[in-house]
Amino acid sequence: MSNSEHAYRMPSWVLAVISCLLWSSAFAGVKTGLHYAPPLFFAGLRFTLAGLLLIPLAGSPRRYLRELLSSPLLPFKVGIFQTVLLYSLFFLSLSLVPGSVGAVVNGMLPLWAALAAHVLLKDDKMGRRMVVSLVIGFAGIVLLSVTRNGGVSGEIGGSELIGILLMLMASFANVLGQIVVYHSRGRMNSMVLTSSQFIFGGLMLLVISRFVEGSFVFPAAPVFWGALSYLGFLSAAAFSIWFHLLSVRGEKVSIVGIWQFLIPVAGAALSWLIIPGDDPSWPVFGGMVLIAAAIIYFFYPARRSTR
């Protein structure tokens with residue numbers, strides 16, 4: 001790449017922030033769509049649509065097929081983690097907890113990313129600053145978890161506890177999928193990989209939904225179709241950018257993952273503004289402050305590749 005191309009290339013940290021802000025808006029959209037459709041079916045529709053939207057951007061049909069045939073198992077592996085497991089757990093979780101709570105619990109994603117990368121990747125180890133940042137961010141999650149429904153001495157509601165656990169499992173599946181993508185550098189065009197894993201994962205979710213949730217009649221409500229269309233767009237855009245960072249630019253999973261602390265902050269704020277009855281509380285607000293402090297501490301004093 002020439003010097004002029006490097007000069008006009010958007011910095012990785014900007015791309016990471018754009019992806020995270022897109023993802024943060026998903027919480028309100030999902031909660032809206034779940035008023036009209038069961039979670040697995042809605043998730044399957046969302047990601048099948050996202051995969052189809054990306055096909056025209058992935059090159060000619062011949063190139064698309066050639067890329068798929070070059071590594072036929074890669075979209076399958078990524079789709080299992082990044083779509084089937086991640087979003088079946090994600091949608092089921094948001095059917096049990098308020099959008100703001102789901103957004104903040106999902107803030108554990110950077111912690112999972114750093115720990116998994118430290119264990120599974122030789123070139124992605126945690127340093128002191130990352131450990132401190134993760135501890136601060138994790139403190140925000142703990143603050144939410146122990147003060148929800150009555151405080152430390154109180155009892156956490158059964159359905160909300162299940163929802164929180166499902167969101168944690170979804171985050172871990174997400175990290176494993178990111179590591180698969182990072183290992184796949186150079187094996188497949190990132191746009192083709194994103195599109196194909198969405199289509200595979202979305203169709204798989206629709207099949208699972210048929211057996212678990214039964215048949216479904218599409219609602220006529222415009223708000224359902226608006227939420228579905230927006231979620232399909234943001235999935236296509238956010239994942240394309242993120243897969244580009246990991247598989248093309250080779251950004252480390254743990255470093256770009258720190259920016260995902262932005263998701264619960266923006267996601268909770270959007271849920272408060274959009275979802276009726278989802279109001280701010282001091283535990284959630286305190287967790288958001290700690291998460292913001294973690295990002296500032298990690299990035300502000302040091303010059304990093306993601307800045």
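The following exercises, each with a worked solution, examine the helices of a predicted model and selected residues within them.

Residues carry numbers from 1 along each chain as its sequence is written. Because the model is predicted, local features need pLDDT of at least 70 and side-chain atom pairs count only at pLDDT 80 or more, while totals for chains, interfaces and linings use all residues; side-chain values use heavy atoms, with hydrogens and water left out.

**Exercise 1. The chain as a whole**

Determine how many helices and strands the protein chain has, and what share of its residues is buried.

Step 1. Helices (H or I, at least four residues) and strands (E, at least two) are DSSP runs, numbered from the N terminus. By this criterion the protein chain has 15 helices and zero strands.

Step 2. A residue is buried under 20% relative accessible area, exposed over 50%, and partly exposed in between (1.4 Å probe, protein chains only). Of the 307 residues, 53% count as buried.

Step 3. The accessible surface (Shrake-Rupley method, 1.4 Å probe; for residues, only the protein chains shown count as cover) comes to about 13,600 Å², and 70% of this belongs to carbon and sulfur atoms.

Step 4. Contact means heavy atoms within 4.5 Å. Among contacts in the protein chain with a separation of 6 or more, 88% join residues 24 or more positions apart.

**Exercise 2. Helix H4 against H11 and H12**

Describe how H4 packs with H11 and with H12.

Step 1. Two packed helices are described by the angle between their axes and the distance between the axes. Axes are lines fitted to C-alpha atoms, for helices over the stretch in contact, and angles run from 0 to 180 degrees between N-to-C directions.

Step 2. H4 and helix H11 (residues 190-212) pack at about 155°, with axes 7 Å apart. Angles under 35 degrees count as roughly parallel, over 145 as roughly antiparallel, 65 to 115 as roughly perpendicular and the rest as oblique. H4 and H11 are therefore roughly antiparallel.

Step 3. A crossing is left-handed if the near helix is turned anticlockwise from the far one by less than a right angle, and right-handed if clockwise. H4 passes H11 in a left-handed crossing. Residues in this contact include Leu40, Phe41 and Gly44 of H4 and Met191, Phe198 and Gly202 of H11.

Step 4. Ala, Val, Leu, Ile, Met, Phe, Trp, Tyr, Cys and Pro count as nonpolar, Asp, Glu, Lys and Arg as charged, and the others, Gly among them, as polar. The contact of H4 with H11 has 16 nonpolar, seven polar and no charged residues.

Step 5. Helix H4 (residues 39-54) packs with helix H12 (residues 222-247) at an angle of about 55°, their axes being 8 Å apart. These two helices are therefore oblique to each other, and their crossing is right-handed.

Step 6. Among the residues making the contact are Phe42, Leu45 and Arg46 of H4 and Phe224, Leu228 and Ser229 of H12. The contact of H4 with H12 divides into 13 nonpolar, four polar and one charged.

**Exercise 3. Helix H3 and its residue Gly29**

Establish whether H3 is enclosed or open, how H3 meets H6, and which residues Gly29 touches.

Step 1. Eight of the eight residues of H3 are buried, so this helix is largely enclosed by the rest of the structure.

Step 2. The axes of helix H3 (residues 26-33) and helix H6 (residues 73-94) come within 10 Å and cross at roughly 70°. H3 is therefore roughly perpendicular to H6.

Step 3. Phe27, Val30 and Lys31 of H3 make the contact with Phe90, Phe91 and Leu94 of H6. By class, there are five nonpolar, no polar and one charged residues.

Step 4. Gly29 lies in H3 and is buried at a relative accessible area of 12%. Not counting residues up to four places away in sequence, Gly29 touches Phe42, Ala227 and Leu231.

Step 5. Gly29 and Phe224 are 195 residues apart in sequence, yet 9.2 Å apart in space, C-alpha to C-alpha.

**Exercise 4. Two further residues**

Classify Ile55 and Val223 as buried, partly exposed or exposed, and state what each contacts.

Step 1. Ile55 is in the loop between H4 and helix H5 (61-70). With 31% relative accessibility, Ile55 counts as partly exposed.

Step 2. Leaving aside neighbours within four places in sequence, Ile55 contacts Tyr64, Ser195 and Ile199. Ile55 and Val192 are 137 residues apart in sequence and 7.3 Å apart in space, C-alpha to C-alpha.

Step 3. Val223 lies in helix H12 and, at 40% relative accessibility, counts as partly exposed. With neighbours within four places in sequence left aside, Val223 is in contact with Thr32 and Tyr36.
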